Amino acid sequence: MIVVGGEALIDLVPVARPPGALLPRPGGGPYNTALALGRLGAEVAFCSRVSSDGFGESLLAGLRAAGVDLSLVQRGPEPTTLAVPSLAPDGSASYGFYVEGTADRLFTLPPALPDGVRALALGTCSLVLEPGASAYEALLRRESRRGVLTLLDPNIRPALIADPAAYRARFLERLLPHTSVLKLSEEDAAWLGGRVEDWLAAGPSAVVLTRGAKGLTAWTREGGQYSAAARPVAVVDTIGAGDTVNAALLHRLARAPGGPVDWPEVLAHAAHAAALTCTRAGAEPPYAAELSE
């Protein structure tokens, strides 16, 4: 089983008609990753704290429909976090957030995960918003120590980070030493300000960089460098594309954790899945059957 930990929220996505209208869509990087894994046919569980309000119920319904195990989900009466994406002409998105007093940031460390868990993925707002961020950090450390493959996606949202220097120090000193695979975008890398060599030295066995229309590149601790081209598609928006990359990477890597990795195939699989997500409005990752077409 793969466990994905982190926030589930509602994206208020701008629509053309009527002018200025916002369409509520399920979202949050970890939520999208779990949804994508379910659609790809992986055995996956979501580990989070979700509101008992109407938005929270709809979020869980979406995961159930994708076959995601919800036994690790905590519930609370606080409201659901809201995100408001702004779309650029090329379909890329930036975000504003409503996070005060919301349910997902009150996540607490769960008991030990089941022995059958092969991989754990964490990322985005859940790495920033306290007190949940410390609980997710503790989960990462605990599961890493017992040999679980861990994937970290910082998915930087600058509007949420009050102290950038403290966040960068936490990332390098407290998160990376317990990370097996670091996946990040070019924008994340620029904000963090580090080098691939430094990140690999801190702990991960591989770093995967998403480069938009230029595709994906992976570097390994053994000195390997591998790339896959992006698939040309008509982009509607890029919401959820990076989260789909997370899912596609884990879908391949968790099959034989610790074994040899066919990085060109893994990256090509991730590029294909992300491209299909970009052809749809909002975070709508593909199903396994679509990747075989």
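A nonpolar core, as the term is used in these legends, is a set of buried Ala, Val, Leu, Ile, Met, Phe, Trp, Tyr and Cys residues joined through side-chain atoms within 4.5 Å. The views below all come from a predicted model.

**View 1. The largest nonpolar core and its neighbour.** The largest nonpolar core holds 50 residues, and Phe46, Leu63, Leu249 and Trp263 touch the most other members. Helix 8, residues 263–278, gives the most to this core, with nine residues. Apart from it lies another core, of 45 residues, with Ala83, Tyr95, Leu113 and Val148 among them. In soluble globular proteins, nonpolar side chains tend to be buried together.

**View 2. The whole chain, for orientation.** Before going further in, it helps to step back. The secondary structure of the protein chain comes to nine helices and 14 strands. Its C-alpha trace spans about 50 × 45 × 40 Å along the principal axes. A compact globule of 293 residues would have a radius of gyration near 19 Å, and the 17 Å of the protein chain agrees with that. Buried residues make up 56% of the 293 residues. Among contacts with a separation of 6 or more, 69% are between residues 24 or more positions apart. Turning to the outside, the protein chain exposes about 12,000 Å², of which carbon and sulfur atoms supply 56%. The chain carries 25 positive and 30 negative side chains, and the centres of these two sets lie 1 Å apart.

**View 3. The loop between strand 9 and helix 3.** Two backbone features are worth a look here. Thr124 is found in the loop between strand 9 and helix 3, and has a positive phi of about 60° although it is not a glycine. Thr124 counts as buried because its relative accessibility is 5%, under the 20% limit. Pro131 lies in this loop too, between strand 9 (119–123) and helix 3 (132–145). The peptide bond that leads from Glu130 to Pro131 is cis, with omega near 5°. For comparison, most residues other than glycine have a negative phi, and most peptide bonds are trans.

**View 4. Asn155 in the loop after strand 10.** Asn155 sits in the loop between strand 10 (149–153) and helix 4 (164–175). Phi of Asn155 is near 40°, a positive value in a residue other than glycine. With a relative accessible area of 12%, Asn155 is buried.

**View 5. A buried glutamate in helix 3.** Glu143 lies in helix 3. Is Glu143 buried or exposed? At 0% relative accessibility, Glu143 counts as buried. Not counting residues up to four places away in sequence, Glu143 touches Leu113, Leu120 and Val148. Two of these names may be familiar from View 1: Leu113 and Val148 are among the members of the 45-residue core.

**View 6. Gly56 in helix 2.** Gly56 has its place in helix 2, residues 54–65. A relative accessible area of 0% makes Gly56 buried. Leaving aside neighbours within four places in sequence, Gly56 is in contact with Val50, Ser51, Arg75 and Thr80. The C-alpha atoms of Gly56 and Thr81 are separated by 9.4 Å, with their positions 25 residues apart along the chain.

**View 7. Thr210 in strand 12.** Thr210 is found in strand 12, residues 206–210. This threonine is buried, with a relative accessible area of 14%. Which residues is Thr210 in contact with, leaving aside neighbours within four places in sequence? They are Lys183, Leu184, Ser185, Glu186, Gly215, Leu216 and Val245.

**View 8. Ala268 and Leu216.** Helix 8 returns in this view, with Ala268 as one of its residues. Ala268 counts as partly exposed, at 37% relative accessibility. The C-alpha atoms of Ala268 and Leu216 are separated by 8.4 Å, and the two residues are 52 residues apart along the chain. Leu216 is also one of the contacts of Thr210 shown in View 7.

**View 9. An exposed glycine ahead of helix 8.** Gly258 is found in the loop between helix 7 (241–253) and helix 8. With a relative accessible area of 85%, Gly258 is exposed. Its partner in this view is Gly147, 111 residues apart from Gly258 along the chain, and their C-alpha atoms are separated by 9.4 Å.

Notes: Residues are numbered from 1 along each chain as its sequence is written. This is a predicted model: local features need pLDDT of at least 70, side-chain atom pairs count only at pLDDT 80 or more; totals for chains, interfaces and linings use all residues. Side-chain values use heavy atoms; hydrogens and water are left out. Helices (H or I, at least four residues) and strands (E, at least two) are DSSP runs, numbered from the N terminus. Buried means under 20% relative accessible area, exposed over 50%, partly exposed in between (1.4 Å probe, protein chains only). Contact means heavy atoms within 4.5 Å. The radius of gyration is taken over C-alpha atoms; the globule rule is 2.2 Å times the number of residues to the power 0.38. Accessible areas come from the Shrake-Rupley method with a 1.4 Å probe; for residues, only the protein chains shown count as cover. Lys and Arg count as positive and Asp and Glu as negative; His and the chain ends are not counted. The place of a charge is taken as NZ of Lys, CZ of Arg, CG of Asp or CD of Glu.
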